[in-house]
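Okay, thanks everyone for squeezing me in. Let me put the structure up and then we'll go through it together.

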Amino acid sequence: MDLKRILFDVSDHIATITINRPERLNATDDLARTELGWAWGRVRDDPDIRVAIITGAGDRAFSVGQDIKATAANGIRNKVPGSRLYHGVWKPVICALNGMAVGGALHQVADSDLIIAAEHAELIDTHLQVGNVFALEPAVLLRRMPLSMVMQLGLMTKDGRITASRAHEIGLVNEVVPAERLQDRAREIASAITKLSPATVQASIKAMWTSLDVGLHAAHDVAYRYVLQHQMTHPDYREGMVAFAEKREPRWVVE
């Protein structure tokens, strides 16, 4: 695909997706959402990719979400959110939050498995300010942070911004690092994950996200189903234990 809105790179089993419109603070228009959908499909379907990193170009913004000027002029044709959950990606996703994440960009943040933020990064929502319903992003954010903080984001708009340090305090962000260390740190974590069994990692991530859709007892049943299926059908289950006993590196199956 001839990419014009994002950068896509794969090396050492790690895919890096960069929203690449720094002159527009990485705002996403129809073309950007189409390209992000393509990128997530590639991450999902390429067996060489074991981990993905999502980030933005430059140091001011991860993304300011929907390109309001383009939408005001042309409307929206592609209404599919360009985030991993909508494209069925169960490989680990790390968000390298390099600046402000605004509005629809909160999808990419909330849908990630791990969030590493630069010290100056912040979360802002402006849906209500531009006459849009603040609902899709909270659907996931409410599973990761307190209701009061989600209400703050939505109702207080720009005054309700949440800094990287505050997001770390409430458990949304995993680590806060100096801006110059952000990409290296995200890649260090991704590299460590690539050493794990790809099948086991994906089954674990899918089980955890799926369990959020149900109550506690049903979540236990969902989790047990994934565990049992993996133990009964996948060779990595035995390989991991044998490798540990033999004190050697495991030889994981790549599918």
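**Two domains and a sheet**

So, the C-alpha centres of domain 1 and domain 2 sit 27 Å apart. Keep in mind that this is a predicted model. In terms of boundaries, domain 1 covers 6-194 and domain 2 covers 198-246. Where they touch, domain 1 puts in 13 residues and domain 2 puts in 7 residues.

How much area do domain 1 and domain 2 bury between them? It's about 890 Å², and 73% of that is on carbon and sulfur atoms. Now look at who is on the domain 1 side of that contact: 5 nonpolar, 1 polar and 7 charged residues. And how many salt bridges does the rule find across the interface of domain 1 and domain 2? The count there is 0. For polar contacts between domain 1 and domain 2, we get 1 residue pair, with both residues at pLDDT 80 or more.

Okay, on to the sheet. It's an open one with 4 strands, running E4-E6-E8-E9, and the pairing is mixed. Strand E4 (61-63) and strand E9 (162-163) are at the edges; each has a single partner strand, so one side of each has no neighbour in the sheet.

Quick reminder on the chemistry: strands of a sheet pair through backbone hydrogen bonds, in either a parallel or an antiparallel way. Here, strand E6 (residues 100-102) and strand E8 (residues 122-124) go parallel, over 3 bridges. If you want a spot to click on, take Met100, whose bridge partner in E8 is Glu122.

That's my bit, over to you.

How values were computed
Residues are numbered from 1 along each chain as its sequence is written. This is a predicted model: local features need pLDDT of at least 70, side-chain atom pairs count only at pLDDT 80 or more; totals for chains, interfaces and linings use all residues. Side-chain values use heavy atoms; hydrogens and water are left out. Domain bounds come from an automatic or database domain assignment. Contact means heavy atoms within 4.5 Å. Buried area is the accessible area (1.4 Å probe) that two parts lose on being put together, summed over both. A salt bridge is a side-chain nitrogen of Lys or Arg within 4 Å of a carboxyl oxygen of Asp or Glu. A polar contact is a pair of N or O atoms within 3.5 Å; within protein, one must be able to donate a hydrogen and the other to accept it, and residues adjacent in sequence count only if both atoms are side-chain atoms. Ala, Val, Leu, Ile, Met, Phe, Trp, Tyr, Cys and Pro count as nonpolar, Asp, Glu, Lys and Arg as charged, and the others, Gly among them, as polar. Two strands pair if DSSP finds at least two bridges between them. Helices (H or I, at least four residues) and strands (E, at least two) are DSSP runs, numbered from the N terminus.
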